[in-house]
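Subject: Handing over a structure, with notes on what was found

Dear colleague,

I am passing on to you the structure that I have been looking through, and I would ask you to keep it open while you read the notes that follow it.

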Amino acid sequence: MTTDSPLIRLDATAADVHGENAGLRELGPAVRVELPGNVPAWVITRHDALQDLLADPRVVKNPAHWQALREGRVPDGWPLIDFVTNPGMTTADGDDHRRLRGLISQAFTARRVEAMRHGIEAETHRLLDALAEHPPGAVDLRRHFAYPLPMNTIGRLMGVPAERFDDFRDLSASLVSSTTTPEETAATRNSLHALLTELVTLRRDRPGDDLTSHLTAAHDGGDRLSPQELIGTLVLVIVAGHGTTLNLLTNATKALLTHPEQRQALAAGRAGWAEVVEETLRWDSPVAHFPLRYALDDIPVGDIVIPKGEAILASYAAAGRDPRQHGPDAAEFDITRPARRHLSFGHGPHYCIGATLARLEAEAALTALFERFPTMQLAQPVADLAPLPSFISNSVRTLPVLLRPQD
């Protein structure tokens, strides 16, 4: 075995995520890549290797174990520094992770999520009614439908004032961007901290039946949640709670609009909306590469050894199209394929706590959207749709559609 691997520069602009991933998979299950700022990391490209590593106790999330960060080799203003160092559930391990997850999980129990169904369906139809009033011509479905539904849902869950939704959306996008400048990174950090401090103060003064009020009470009640963990946890829930579902809705709609035979399979009853959601999660994961994890020891992956202290990217998008797991047609979008497990919600102790909510939102939204606008079409060629400038968040910047092409 060897610790050597070709150093591949990962495209921070995500111009061709799936093409790049196909090349990485062919190089091996673990490939050494270069992130923005000449920061090295290992990307795990194949399903089996990723599943094993996500559950491996030698792979941790606390950045204190990242040797490059400890040695000052991560540049000041690195675009993702706040994303990977914010104290909270995604940067904690062991007892700390279980404590934080326990606090948040109360908002995402199956019973609580199911209780949200009526509100999600009502909000979906309100947004569709607004779309129906849109003048003839193209409308950006990402901005006017895929974004507001999960943002309104997670905003209400967290007790965020509606007038602040767009602020949180813009800052969340900046937080996961791979192309921000050091100045933009600092500005995002300061603005997000100010907004969250404002939210905590509001819910401390006027508590309600929302997650922020619950977490603020846990912080005020003792040592269950430090001030840093409170802010970091709120960042996680806001970013993950709307951004991934926004991408899921966008990607699923784009997939169906570019695969008419799949819409026919739906109409014929050969598959349902749950299959659309799962196939989208596999084929075009809302998260491309999730940073970062760190090796507590030298870890063999195939013929490669990831050295202790080095950073690891979980490539959900690459694993989702791994032909070793999903067959020789893994690169094809097929909602009728036999069910095969995907990893787009993660695996192991850090499995996505909001997976049930995301699935509910996506199924409700997509069902109603295509029932209301059954002849909807893309308003421009799919090749002209610009990707998000992020190797984390995987989708397109806009999704212009013609709701009624005859208009």
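Before the strands are described, one term is needed: two strands are said to pair if DSSP finds at least two bridges between them. Please also keep in mind throughout that this is a predicted model.

Sheets

With that term in hand, you can look at the smaller details of an open sheet made of three strands, which follow the order S5-S11-S10 with antiparallel pairing. Strand S5 (139-140) and strand S10 (377-378) are at its edges, and each has a single partner strand, so one side of each is left without a neighbour in the sheet. Between S10 and strand S11 (residues 400-402), which run antiparallel, there are two bridges, and within this part of the model Gln377 stands opposite Leu402 in S11.

Another open sheet has six strands in the order S1-S2-S3-S9-S6-S4, and its pairing is mixed. Here strand S1 (8-9) and strand S4 (59-60) take the edge places with a single partner strand each, so one side of each lacks a neighbour in the sheet. Strand S2 (residues 30-35) and strand S3 (residues 39-44) run antiparallel and are joined by six bridges, and Leu35 has Val39 in S3 as its bridge partner.

Helix H10, helix H11 and the cavity

In helix H10 (residues 165-175), the buried residues are Phe165, Phe168, Arg169, Leu171, Ser172, Ser174 and Leu175. The cover over these buried residues of H10 includes helix H4 (81-85), helix H8 (141-146), helix H9 (148-158), H11 and H13.

How many cavities of 30 Å³ or more does the model hold? The count comes to one, and the largest cavity has a volume of about 30 Å³. Its lining consists of Pro79, Asp82, Ser174, Leu175, Thr180, Glu184, Thr185 and Thr188. The elements that give two or more residues to this lining are H10 and H11, and H11 gives the most, with three residues. Two of the lining residues, Ser174 and Leu175, have already appeared among the buried residues of H10.

Arg203, further along in the chain, is placed in helix H11 (residues 182-205). Is Arg203 buried or exposed? Arg203 has a relative accessible area of 17%, and because buried means under 20% relative accessible area, Arg203 counts as buried. The side chain of Arg203 reaches the backbone oxygen of Gly159 at 2.9 Å, and, when residues up to four places away in sequence are not counted, Arg203 touches Gly159, Asp210, Thr212 and Ser213.

Pro207 lies in the loop between H11 and helix H12 (211-220), and in contrast to the buried Arg203, Pro207 is exposed, at 60% relative accessibility. The C-alpha atom of Pro207 is separated by 42 Å from that of Val39, and these two residues are 168 residues apart along the chain.

Aromatic pairs

The model has six aromatic pairs by the rule that was applied. One of them is formed by Trp283 and Phe333, and this pair is tilted, with 5.1 Å centre to centre and 50° between the planes. Trp283 lies in helix H15 (residues 273-283), whereas Phe333 lies in the loop between helix H17 (323-326) and helix H18 (355-372), so the pair ties together parts that are 50 residues apart in sequence. Both partners count as buried, Trp283 at 10% relative accessibility and Phe333 with a relative accessible area of 3%. Elsewhere, Trp66, Trp78 and Tyr294 form one aromatic cluster.

The second largest pocket

Finally, please look at the second largest pocket, which has a volume of about 400 Å³. This pocket is lined by 24 residues, of which His18, Lys254, Leu385, Pro387 and Val396 lie nearest its centre. Helix H1 (17-27) and helix H13 (227-257) are the elements that give two or more residues to the lining of this pocket, and H13 supplies the largest share, three residues. You have met H13 before in these notes, since it is also among the helices that cover the buried residues of H10.

With best wishes

How values were computed: Residues are numbered from 1 along each chain as its sequence is written. This is a predicted model: local features need pLDDT of at least 70, side-chain atom pairs count only at pLDDT 80 or more; totals for chains, interfaces and linings use all residues. Side-chain values use heavy atoms; hydrogens and water are left out. Helices (H or I, at least four residues) and strands (E, at least two) are DSSP runs, numbered from the N terminus. Buried means under 20% relative accessible area, exposed over 50%, partly exposed in between (1.4 Å probe, protein chains only). A polar contact is a pair of N or O atoms within 3.5 Å; within protein, one must be able to donate a hydrogen and the other to accept it, and residues adjacent in sequence count only if both atoms are side-chain atoms. Contact means heavy atoms within 4.5 Å. Rings of Phe, Tyr and Trp (its six-membered ring) pair if their centres lie within 6.5 Å; planes under 30 degrees apart count as stacked, over 60 as edge-to-face and the rest as tilted. On a 1 Å grid over the protein atoms alone, a cavity is a set of points where a 1.4 Å probe fits but cannot get out, and a pocket is an open set with protein on both sides within 12 Å along at least five of seven lines; lining residues have an atom within 4 Å of a point. Grid points are joined across faces, edges and corners, and a volume is the space filled by probe spheres set on the points.
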